[in-house]
Amino acid sequence: MVPDLLTHLRSDPVLRPYLVGVDASGNAAGRGYVDAFYQVPWGGDSAYVDEVARIVAHEKIDLVLPSSDEEAFCLSADRAAISAAGAIVLASPIAVLDLIRDKQATYRALQAAGLRVPEHVCVDRLDALQASMAGYGYPRRSVIVKPVAGRGGRGMRLLVGTDEIPAAWIGGGAREKRVESTPNSEEMQTWFADGVLMVMPLLHAPVHDVDVFAIRGRAQAALVRRRTNPTGIPFTGNRIMSDPAIMKYCLEIAEAIGLDGLHDIDLMTDGQGRPCILEVNPRPSGSVVAAHAAGFPVVAAAIAETLGQAYPLQAPQLDIDVGMVPRAIVMVRNPDLP
C-alpha cells in the first residue's frame with residue numbers, strides 16, 4: 001500500500017512535499033511514486049544509516065520517516081548522524097523503542113501509570129510455564145504463549161483448549177502457530193529459544209490499529225481503526241471509529257511511555273469486552289493509508305507538526321468504512337527495445 005500512501009502525501013495541500021524513497025530492492029513498488037529513489041542496504045545493515053545520511057545531505061531532506069522496525073531502531077539510535085546531515089528522524093528515542101520492544105517492561109510501565117493491560121504471566125522456566133498454563137485453565141481453556149520480545153505475532157502459539165475452540169483467524173497467521181494437541185515437556189522447552197515467555201488468556205475481536213502521534217511525550221492525536229480482517233494480513237479494510245474512550249486510552253498510553261513520533265498501537269478485546277493493548281509498534285502501521293483514504297491524513301499531520309507547521313486534523317464524528325484495493329502498477333514494455 002506504499003504507492004497509495006505516497007499518492008496521498010504528494011497531493012496533500014499543506015505539505016506539498018518533495019518525496020525521496022529508499023529501499024533495499026531496486027524494484028520497490030513505490031519507486032514510481034517518488035521524486036527520487038535510492039537503493040540502500042537493509043535497515044539492520046551497519047552501512048544503512050551512513051547511506052541515508054548521505055542521501056539526506058545530497059537531497060536536502062527535512063525529515064526521515066522509517067517504515068520498518070529495523071529502520072526505526074537504527075535511525076533512532078544514530079539520529080545524531082541524520083541530524084548532522086540536516087534532517088529530523090520521526091521516531092521515538094532509542095530508550096523508548098527499547099521499552100516497547102519488551103512487552104513485559106511496557107506492561108509494567110503502563111500498570112504503574114494506572115492503565116489497563118491484558119492479564120498475563122511472564123515465565124523463564126518450564127515448570128513456571130506449565131503452572132501458568134494450568135492457572136489459566138489449560139487444557140480445558142485456550143491460552144496464548146508468546147515471546148516477551150516478539151513482534152507482529154512472531155513466535156506466538158495458540159494452545160487450543162478442549163472446551164474453548166477459538167475462531168479460525170486466531171493463531172492462523174503466517175507468523176503464528178495453532179497447537180491443537182497438548183504439547184509435551186520437550187516441545188515446550190524449545191519455546192524458550194525465543195527468550196522469556198508471556199502466557200495470557202485468549203483475547204478476542206474486535207481488533208484495532210490506533211495511529212498515535214506524539215511530540216516529546218505529549219500526545220497530539222489518535223485515530224482508531226477497527227480491522228475488517230482481524231489478523232490484519234491480508235489487509236481488507238478498516239472501520240474508522242468515532243470512539244473517544246479508545247482514543248483517550250491510547251493517548252494515555254503514548255504519554256505514559258513517552259512516545260515521540262508516529263506509532264501504531266495494536267489492541268484486542270478482553271473477556272470483559274474491553275479494548276486492551278497488545279503492543280506498541282516502533283513505526284507507523286503499514287495500513288495507515290486507510291486513514292488518509294477516509295479523510296484523516298495522520299501521516300501528513302505528523303510530518304507537518306514535527307516540522308513546526310500547524311496541521312488541521314480533526315477526530316472523526318462518525319464511523320466510516322474504508323475498503324482498500326492496492327493500486328495496480330501496469331508495466332508496458334516495447335518488445336523491440338532491449
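A residue is called buried here when its relative accessible area is under 20%. I100 has a relative accessibility of 5%, so I100 counts as buried. The model in which this residue sits is a predicted one, and I100 serves below as the way into one part of the structure.

The chain as a whole comes before the details. The protein chain contains 11 helices and 15 strands. Its radius of gyration is 21 Å, close to the 20 Å that the globule rule gives for 338 residues, so the chain is as compact as a globular protein of that length. The C-alpha trace spans about 60 × 50 × 40 Å along its principal axes. Of the 338 residues, 49% are buried. The chain exposes about 16,200 Å², and 52% of that area is supplied by carbon and sulfur atoms. Contacts also reach across the sequence: among those between residues at least 6 apart, 60% join residues at least 24 apart.

I100 belongs to helix 5. The helix, residues 94-101, has V96, L97 and I100 as buried residues. Seen down the axis of helix 5, these buried residues fall within an arc of 100 degrees, so they line one face of the helix. The elements that cover them include helix 3 (69-77), helix 6, helix 9, strand 13 (261-269) and strand 14. For I100 in particular, leaving aside residues up to four places away in sequence, the residues touched are T106, I257, H263, V280, N281 and P282. S67 is 33 residues from I100 along the chain, and the C-alpha atoms of the two are separated by 16 Å.

T106, one of the residues that I100 touches, leads on to helix 6. Which residues of helix 6 are buried? In this helix, residues 103-112, they are K103, Q104, T106, Y107 and L110. Viewed along the axis of helix 6, they fall within an arc of 160 degrees, so they line one face of the helix. The face turned away from this buried side carries R108 and A112, which are exposed. The buried residues of helix 6 pack against helix 5, strand 5 (121-123), strand 6, strand 9 (197-201), helix 9 (244-257) and strand 14. At the N-terminal end, D102 acts as a cap: one of its side-chain oxygens lies 3.0 Å from the backbone nitrogen of Q104. Just after the helix, G114 takes a positive phi of about 80 degrees.

Strand 6 is among the elements against which helix 6 packs, and its pairing comes next. Strand 6 (residues 143-147) runs antiparallel to strand 7, and 3 bridges join the two. Strand 7 is also joined to strand 8 (residues 176-179), here by 4 bridges and in a parallel arrangement. R157 shows both pairings at the level of a residue: V145 stands opposite R157, and in strand 8 the bridge partner of R157 is K177. Are the side chains of strand 7 buried or exposed? Both faces of the strand, residues 156-159, are covered. M156 and L158 on one side are buried, as are R157 and L159 on the other.

Another set of paired strands lies further along the sequence. Strand 11 (residues 218-227) and strand 12 (residues 238-241) run antiparallel and are joined by 4 bridges. One pair in this arrangement is R225 with I240, its bridge partner in strand 12. Strand 12 is joined to strand 15 (residues 320-322) as well, by 3 bridges and again antiparallel. There, R239 has D321 as its bridge partner in strand 15.

R225 also connects this set of strands to a loop residue, S285, which touches R225. S285 lies between strand 14 (275-281) and helix 10 (289-293). Although it is in a loop, S285 is buried, because its relative accessible area is 9%, which is under the 20% limit. Not counting residues up to four places away in sequence, S285 touches D209, D211, R225 and D264. Its side chain is also joined to that of S287 by a polar contact of 3.0 Å.

Definitions and conventions: Residues numbered from 1 in each chain as written. Predicted model: local features only at pLDDT ≥ 70, side-chain atom pairs only at ≥ 80, totals over all residues. Heavy atoms only, no water. Buried < 20%, exposed > 50% of the residue type's maximum accessible area, 1.4 Å probe, protein only. Pairing = 2+ DSSP bridges. Polar contact = N/O pair within 3.5 Å; in protein donor to acceptor, adjacent residues only side chain to side chain. Contact = heavy atoms within 4.5 Å. Arc of directions from axis to C-beta. Rg over C-alpha atoms; globule rule 2.2 N^0.38 Å. Areas by Shrake-Rupley, 256 points an atom, 1.4 Å probe, with all protein chains shown as cover.
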